[in-house]
Every structure is written in structure tokens, then in C-alpha cells.
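Let's take a friendly walk through this model together. Have the viewer open and follow along from one region to the next.

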Amino acid sequence: MCGIVGYIGSKQAYPILINGLKRLEYRGYDSAGIAFIGNDLRVFKQKGKVSDLEDFVADKDVSGTVGIGHTRWATHGEPNDINAHPHQSQNGHFVIIHNGIIENYSRLKRRLEDRGYIFKSDTDTEVLANLIEYIYMYGQVSAEIAVRLALSKVVGAYGILVACKDEKDQIIAARKGSPLVIGIGEGEYFFASDATPIVEHTKSVIYLNDNDVAIVSKGEMSLKTIDNARVSPKIHKLNLDIGEIEKSGYEHFMLKEIFEQPRSIQDTFRGRVAADRKSIHLGGLHEVIDKITNAKRIIIIGCGTSWHAGLVGEYLFEDLARIPVEVEYASEFRYRNPVIFPDDVVIAISQSGETADTLAAIKLAKEQGATVLGVCNVVGSSIPRETHAGVYTHAGPEIGVASTKAFTAQVTVLTMMALLAGKRRNVLSDEEYHSLIGELVQVPDKIQKILSYNEEFKRIAALYKNATNALYLGRGYFFPVALEGALKLKEISYIHAEGYPAAEMKHGPIALIDESMPVIVIATHDKSYEKIVSNIQEVKARKGIVIAVVTQGDQVIKEMADHVLEIPDSIDALAPLLTVIPLQLLSYHIAVMRGCNVDQPRNLAKSVTVE
Ligand code: G6P
């Protein structure tokens, strides 16, 4: 949510900022802006994409070696030029960019209005800019002290960069709840809300922790808390390659990420599945493995696609390890006074590792004594740092806003965890355990095969690009896949779609079925195959259009359905990893054919750091 970028050094800041904003645009894309801090303070901002900002500044003076930039996902105030960041304080001393929400902004705003401040925008960020300035001017303190004092009055979440025109060789960065990374170069520093804009400049980074304030000038940086206690910076080495955050010849990031899945799944189990395929080692869980084995209950929390992966996890843990599982939306879990026992194991799933609701739910579960594990993709993000233990999904950076490879990597990790627990609890015999591992290892090749049918999926997508509604049906392991398929379609093509357990169709959605309603049914050979065949017949009896995901060679459904999307045979527990692929590609092609921006769908953001 909102991308932040900054530079201080001896190079020209503009190319670094604009390139950084393009890399961060997946975090928010309703407006963008930049500011340069030198002999004067120059701020340029525009509603629209980073490319609109680029056009806008084409004839402006964008020189300078100290600058900050922002790409916005609106929270307070509609997307327009005025609400775009950076925001300047009323008397022009400060300029600020912000990611997060200042919850007590209206009270702070009223107080500042009583003292003569007049606000131009509807944003909470302008309130913070003016609060800092008010303390600076009337308290006669340095910019750093003004920032720290102002932040001590703020309730809410922030990742901010602040510059003061009177201390022009300095950028102040602070974080609480919203991520900020500082890259360390030779006599220069880079700032960003995640490492993607930094990696091309330096691999040495510091991840700010909550309540950290970094005071950075061209040659040095000092790190402290908002209460002025010194903090020693921990320098991490980025293990990220520039090629991973570029489109590499694909038309969209989403397509690239769909096609990366054979590799990303392999990377996720590499080094964790033994070479002889007889055991699984999850180093990150070493210290908590007995807690997982003996857990009376697992609670899985997440949002969006990660919540869908959690639902697959529920089937996996119950089926393979016989541990009862509850899957919760993080946002609901934290506000409904949940009953949490000290011997509960909570698994938080998050691609970004920054989702605000998931983070808050983790804190609640920890307070109540549960063991909390993370399944995250972004190394060094907040959730892995907040949890007791965890397993990274090694999917690589996911830039497309609609999650694809992160989902399959999350399901891969959950599969390994469930297999390990199942073995340790003696639910799985050696033979079953080895055969399931053997199946897991074959998944990348099977996905490669499914990807080779892409042109066929595209042909079918063309027939339904003008649909207004779609229904996705699945049973058992495929119910969460149906939900995920429906989410993919609605978020990138804006076609209304619903996922349903196939048997539940009779209790409502069947009323919607007519000759214009595509019904996508996941109907591979599993234990409820006969039942799903009946469900297909029920749809056909009402003249619905059936697009069925089937096991290669299935003749029965081929004769009933309007179209079949074939996938290689697999066992039930591993089939979600396969059945989701045609659904991702179907949505992708439909969205492209409808002229939608698949990588940056309207109103969405990749990383949701507000509650
Ligand atoms: C946003 C993204 C989704 C993602 C969800 C949860 O809504 O657009 O793709 O599934 O957040 O994000 P997380 O990073 O916690 O997995």
C-alpha cells in the first residue's frame, strides 16, 4: 500500500526516484509525486500513474541530489493532485511522504486549526506535516526532534520520509507498522517501502523496526527510537536479482509469474525435500516442531489469496495429520474476541509479510500465549520478524497485484508442513509419506505440461470475455481452488464471479444459472468425482455453460461439458497445485481481452498495510 522511495547522495536523484516509483507502482497507483530538497524545495505531483508524473515534469527543473517520491493508494481523500504526496507544511519548512494511516488525525487537525493552520488536502499526512512544523517553529527545536516529538503524538501506522528545507542535506525516515528499508551505498543512501527499487543500487540494507527513526545525511546515518535511544543498525544482504523484478519478455508480470510456477514451487521445496525423497526438513520450524506435532488445534490466518491457501491448508492438515484446523480472515479474527489456547499453533500466511490485519492478528495470538508461525514470501518483512518461527515460500518477488505463484508456493509449504506433522504423529505410514513426497516432487513437471496448453485456454477465454457473471464450483480440496479462481477473475477482469462448494449450489446459486452463465467446475478424478459429475448434470439441465477442469483422458465429462481444460493425473492432496493453473490463465486471458490492466487492477494494491 503506497510506495515510498528516497535518495540522498551525490548522483542526480530524479532517475533513481522515477525508476524506483515504477518498480513500486504495484503498491498503489492512483497518484504519484516527487520532491527535491536543495536551495529551494520543489514538489511535483499528479493524479494518475507514474508515467503521468513523468510527462508532467518533462519541462520542469528536476535537478538535485536529495529527493523523495511516492505512489499512492488512497486512504484519506480521493485520488487527485492535491491529495497526492509529497505534502508540504503550511509555512513550507517540511515536506513529507507517508504510507499508513494516522488514526487520531482529526483531533490533531482540529488542534492545529485552532492555532491557525489551514489545510489544503483531505489527507492525514498533511496533518502530520503541519504538526512537525508547528513543533519545529514554536518549540525552536531541530527537525529531528520535531519529527520525533510529533510521532510521539501520533496514533496509527506510518512509514514516512521527511525533509526540512533548513536542513537540506538530510532525510529523516521513521516507521511504525508500515515497512521501510534503507539501502547503503558508497556515501549515498536509498530509501524504499520494499527492497525492489534498491536492489539495482546496493545489496546492503537495513530494515527499520517499529518506532525506529533514521537520520540520514550524505555521508552518515544515525538510528534511534522515537524516544531518542540509540539503536545499532543490523545490515542485511539482499538475496534478490534484478532480473526477478523485470518482465523478461512477458507482456505482463502476472503472465510471467504464472509461467514461473514450475520453478517457484521447485525453489520452495528445494533443500527441504531430501534427495532420496524420503524425508522433509523445515529448518525454520526446528525449534517448534514438537508443538506442531502435539497441537490440539491449528488456526490459520490470512487475507485474500493467502486465506484461500489457508483453506487448502485446513484440508491438508486434517487429511494428512489429523489435526483440527480453523481458518480465519485475519481482520475478523482479531476483532471478535477469539478463544485462543496456549497449546494452539497459529499459522499466519502472507505473501508480502506486511498485511496490517494479519500482523495485528499475530500480535493478539502471541499475547494469548499461542505459538505463532509465519508462511511468508518477502524475506525480512514484518510478519517473519513478528512470529516465533516460520517457513519462507521461495517464490521470488511477485509484482502482479493478483497473486499467482505466491499462492502455489504457500500451498507447497503447507503441504510439506502437513506431511511432516502427519509422519511425526504416525498418521502416515512410511510408504504413504514417501509416496506423497514423490508426488510433490513431480508437481513442477505437471504444471509445465498444463502451461503448454495455454493457447487452448486462451481460445476458450475468448468465448467468454463478455460474460457478466461466472460461477466456480469445487468439492473438498477444490472448494478453495474455486474461491481462488473466482477471485482471480473478478479482481483483474471486473466480471462478477463467485466460488461455491459444488453441493451448495443447490441452495442458492442454481437460481442464477441460465444459458449465459459460465460455470467453471473443478472435476478431476478425486474421491468425490461421481458427485461432481452429478453437479455438472444439474448445471446442464438448466442450460448453463460448463467449463470443466478434468483429468487428462476423462471421457465422461468431455461428453457433458461445453469445454474441458485437461490436467495431468495427481492425488487429491496435491491436485490444488495443478487445478488452479488453468483458472489463473483463463482469468488472465479474459482480462487482457477486455483491455484491463492485469498487473494493476483498479482500486487494488499488492500490499495492504492499512486495516
Ligand atoms: C491484497 C493483494 C492480494 C493478497 C492480499 C493478502 O489484497 O492484492 O493479492 O492476497 O492482499 O496479502 P498478503 O501479502 O498478506 O498475502
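Helices here are DSSP runs of H or I with at least four residues, numbered from the N terminus. With that numbering, Gln-140 can be placed in the loop between helix 4 and helix 5. Keep in mind that this is a predicted model.

Stay at Gln-140 for a moment. Most residues other than glycine have a negative phi. Gln-140 is not a glycine, yet its phi is positive, at about 50°. Is Gln-140 buried or exposed? With a relative accessible area of 68%, Gln-140 is exposed.

The helices on both sides of that loop lead us to a sheet. This open sheet has six strands in the order 5-6-7-8-12-13, and the pairing is antiparallel. Its edges are strand 5 (87-88) and strand 13 (221-225), each of which pairs on one side only. Strands of a sheet pair through backbone hydrogen bonds. At one edge, two bridges join strand 5 to strand 6 (residues 94-102), and the two run antiparallel. Look for Gln-88 there: its bridge partner in strand 6 is Val-95.

Now add the helices. Helix 4 (residues 124-139) lies across strands 5, 6, 7 and 8, and runs at about 130° to strand 6. Helix 5 (residues 143-152) lies across strand 6, strand 7, strand 8, strand 12 (212-216) and strand 13, running at about 20° to strand 8.

Just before the edge strand there is a backbone detail to check. Most peptide bonds are trans. The bond joining His-85 and Pro-86, however, is cis, with omega at about 0°. Pro-86 sits in the loop between strand 4 (66-72) and strand 5.

Next, move along the chain to a pair of helices. Helix 16 (residues 478-493) and helix 19 (residues 576-593) pack at an angle of about 15°, with their axes 9 Å apart. Angles under 35 degrees count as roughly parallel, and therefore helix 16 and helix 19 are described that way. Helix 16 passes helix 19 in a right-handed crossing. Their contact has ten nonpolar, four polar and two charged residues. On the helix 16 side, the residues include Phe-478, Val-481, Leu-489 and Ile-492, while helix 19 contributes Val-580, Leu-583, Tyr-588 and Ile-590, among others.

Our last stop is Asn-603, in the segment after helix 19. Asn-603 is not a glycine, but has a positive phi of about 65°. Asn-603 is exposed, with a relative accessible area of 63%.

Notes: Residues numbered from 1 in each chain as written. Predicted model: local features only at pLDDT ≥ 70, side-chain atom pairs only at ≥ 80, totals over all residues. Heavy atoms only, no water. Axes fitted to C-alpha atoms, helices over the stretch in contact; angles between N-to-C directions. Parallel < 35°, antiparallel > 145°, perpendicular 65-115°, else oblique. Left-handed = near helix turned anticlockwise from the far one by under 90°. Contact = heavy atoms within 4.5 Å. Nonpolar A, V, L, I, M, F, W, Y, C, P; charged D, E, K, R; others polar. Pairing = 2+ DSSP bridges. Buried < 20%, exposed > 50% of the residue type's maximum accessible area, 1.4 Å probe, protein only.
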